[in-house]
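Biologist: I'd like to go through the empty spaces in this protein and the strands around them. Can you pull it up?

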Amino acid sequence: MSRKARVVDIPVIGELDRTTGNLSLQLARSLRKAIHKGELKAGDLLPSTRVLARALNVARGTVLEAFDQLKAEGFLDSQYGSGTRVARLLESEIKKPSPIILHTEDDIPLSAQAHAFARAAAQMKPLAPVPFAVSVPALDTAPDDIWRRLGNRVRAKGPGAPSGYGDPQGALALREAICEYVRKSRSVYCTPQQIIITSGTQQGLYLATQILLDAGDTAWVEEPAYPGITAIFTSAFLDRKMVRIPVGASGIDIAVGKEIAENAKAAFVTPSHQYPLGMPMSMAQRTALLAWAKEHKAWIVEDDYDSEMRYSGHPFASLQGLDPTRVIYLGTFSKVLFPSLRLGYAIVPEVLVDAFCGARVLMDRHPPSADQYVLASFMAEGHLDRHIRKMRSVYAEKRRVLIDAIRIHIDVELAELQPCDQGMHMVLWLKQGVDDVEVVQKCVAVGISLRAVSPMYGTNIRRSGLFLGLGGYSDEDIIRAIIKLNEIIISLLPR
């Protein structure tokens with residue numbers, strides 16, 4: 001059996017001051033300090049005197065003298081054939097290093113920006129993959145084998161194995177595939193030259209806010225709204241003003257928006273499937289929104305959230321198809337494929353293409369290239385269309401199980417479901433004054449992942465509700481979680 005070669009690290013000695021002499025004394029002092037601080041531990045093997053002398057550019061006799069001094073003091077042990085090691089001293093004989101003090105009165109105070117970003121991180125922290133976390137893919141729909149096969153083929157050579165920088169707009173093959181896909185499925189009107197590949201909808205929202213608004217400008221945001229857009233205004237762009245416009249049964253209320261901030265420069269909306277409530281924007285409200293934007297020369301940012309998952313009838317057509325010159329359309333593959341994929345897209349009017357590319361270059365140069373070509377092949381060969389059809393069937397069944405479990409196990413006097421016939425989540429409104437944030441906290445302790453709806457409101461009247469994802473959980477898991485949820489709601493009823 002061959003012996004494993006010993007590889008000995010050179011300890012951190014620091015610079016020896018050659019102008020003052022006594023190099024062996026300086027070396028002994030440095031080694032002693034390293035042992036006291038715990039940088040060299042009991043039993044650690046030191047380099048040979050020849051190796052250390054060569055590394056420090058000193059005579060071997062200098063190292064021998066320092067080692068002899070430390071042996072005499074009991075810091076080092078030396079045995080023939082096994083080298084020189086740090087002595088196995090009693091812990092009490094070595095001064096323990098002082099603990100690192102993380103917070104003192106002399107700490108640099110955090111900026112308001114730092115606090116704002118910290119709040120955004122807490123609000124959008126990923127949930128544990130248990131019922132009812134959103135965006136946990138159903139395992140029986142994941143196209144793992146096809147994706148792996150395409151990945152092996154595409155990454156082996158050609159553009160799928162790039163070695164240089166890529167186009168900030170993204171791979172042309174993927175933009176062409178997306179152009180064809182959104183034309184057929186979402187009635188989006190565009191060319192591949194109008195598409196910018198992003199790392200997801202969140203980056204698209206960030207870019208849109210950065211590009212469309214100047215300091216002091218105002219934008220409409222839905223009430224309640226996706227935390228990812230509201231956090232942008234409360235953290236990254238404090239010099240832009242966000243105005244919350246209430247959402248009704250027909251979507252965002254354009255009349256109220258005009259009363260509050262008629263001269264806003266942009267409106268951020270989720271017209272196909274409002275986040276978080278789930279209803280689509282009516283045609284009357286869409287027409288009114290487009291008319292307002294045209295009259296006031298404003299932009300509309302359309303986050304096409306969960307549009308693919310409609311369980312009765314066909315998905316609603318996009319807002320962008322009604323006025324391509326005024327609407328920035330944002331889509332993502334995170335929900336329908338893998339959240340870890342981090343590929344989405346922004347479809348922008350031609351006049352904004354250069355601005356989006358420039359902002360993208362300054363942010364992260366360009367999206368990762370290899371997966372773009374895998375996804376382009378996945379779409380071009382028809383796998384995405386088949387995958388979405390399969391997902392609709394699977395999630396429709398998950399939705400039915402969830403609705404039945406709530407009907408059977410939660411009293412209507414305690415909670416009721418928000419009517420919705422599409423998407424990958426449902427909202428359960430709580431009654432009797434139950435605090436949704438407190439429900440979420442108690443659910444974590446019993447293995448249930450939820451988000452509270454009330455924090456998605458601004459300063460207006462908040463409603464208490466729970467965000468229930470339909471994700472990759474078994475029917476039994478869903479039923480058990482609903483039974484536990486019912487017990488927690490009952491325990492928090494006001495007396």
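Modeller: Here we talk through cavities, a pocket and some strands. Keep in mind that this is a predicted model.

Biologist: Fine. How many cavities of 30 Å³ or more does the structure hold?

Modeller: There are two of them. The largest has a volume of about 80 Å³, and the second largest has about 30 Å³.

Biologist: Which residues line the largest cavity?

Modeller: The lining is made of L205, V221, E222, A225, Y226, I229, F268, V269, T270, Y275 and D303. By class, that gives eight nonpolar residues, one polar and two charged.

Biologist: Which strands supply at least two residues each to that lining?

Modeller: Strand 4, residues 218-223, and strand 7, residues 266-269.

Biologist: How do strand 4 and strand 7 pair?

Modeller: They pair in the parallel sense, over three bridges. One bridge to look at is the one between A219 and A266, the latter being in strand 7.

Biologist: Back to strand 7 itself. Which way do its residues point, and are they buried or exposed?

Modeller: A266 and F268 point one way, while A267 and V269 point the other way. All four are buried, so each has under 20% relative accessible area. Two of these residues, F268 and V269, are also in the lining of the largest cavity.

Biologist: What about strand 7 and strand 8, how many bridges join them?

Modeller: Four, and the two strands run parallel. Strand 8 covers residues 299-303. F268 of strand 7 stands opposite V301 in strand 8. Between the two strands the chain passes through helix 10, residues 283-295, in a right-handed β-α-β crossover.

Biologist: And strand 4, what does it do with strand 5?

Modeller: Strand 4 pairs with strand 5, residues 241-248, in the parallel sense over six bridges. A219 turns up again here, with M242 as its bridge partner in strand 5. The chain goes from strand 4 through helix 8, residues 227-236, to strand 5, and this β-α-β crossover is right-handed.

Biologist: Then where does strand 6 come in, parallel or antiparallel to strand 5?

Modeller: Antiparallel, over two bridges. Strand 6 is residues 251-252. The two strands form a hairpin with two residues between them, and V247 stands opposite I252 in strand 6.

Biologist: Change of topic. What lines the second largest cavity?

Modeller: P137, T141, A142, P143, K335, V336, L337, H387 and M391. Six of these residues are nonpolar, two are polar and one is charged.

Biologist: Now the pockets. How much space lies in the largest pocket?

Modeller: About 1200 Å³. The lining has 47 residues, and the closest to the centre of the pocket are M124, S135, Y226, Y275 and R451. Y226 and Y275 were on the list for the largest cavity too.

Biologist: Which elements give two or more residues to the pocket lining?

Modeller: Four helices and two strands are on that list: helix 4 (112-123), helix 6 (172-186), helix 7 (201-212), helix 14 (436-445), strand 9 (327-332) and strand 13 (451-452).

Biologist: How do the residues of the pocket lining divide by class?

Modeller: Into 28 nonpolar, 10 polar and nine charged.

Biologist: Thanks, that covers my list.

Methods
Residues numbered from 1 in each chain as written. Predicted model: local features only at pLDDT ≥ 70, side-chain atom pairs only at ≥ 80, totals over all residues. Heavy atoms only, no water. 1 Å grid on protein atoms, 1.4 Å probe; cavity = no way out; pocket = protein on both sides within 12 Å on 5 of 7 lines; lining within 4 Å. Points joined across faces, edges and corners; volume = space filled by probe spheres on them. Nonpolar A, V, L, I, M, F, W, Y, C, P; charged D, E, K, R; others polar. Buried < 20%, exposed > 50% of the residue type's maximum accessible area, 1.4 Å probe, protein only. Pairing = 2+ DSSP bridges. Right-handed = clockwise from strand over helix to strand, strands pointing away.
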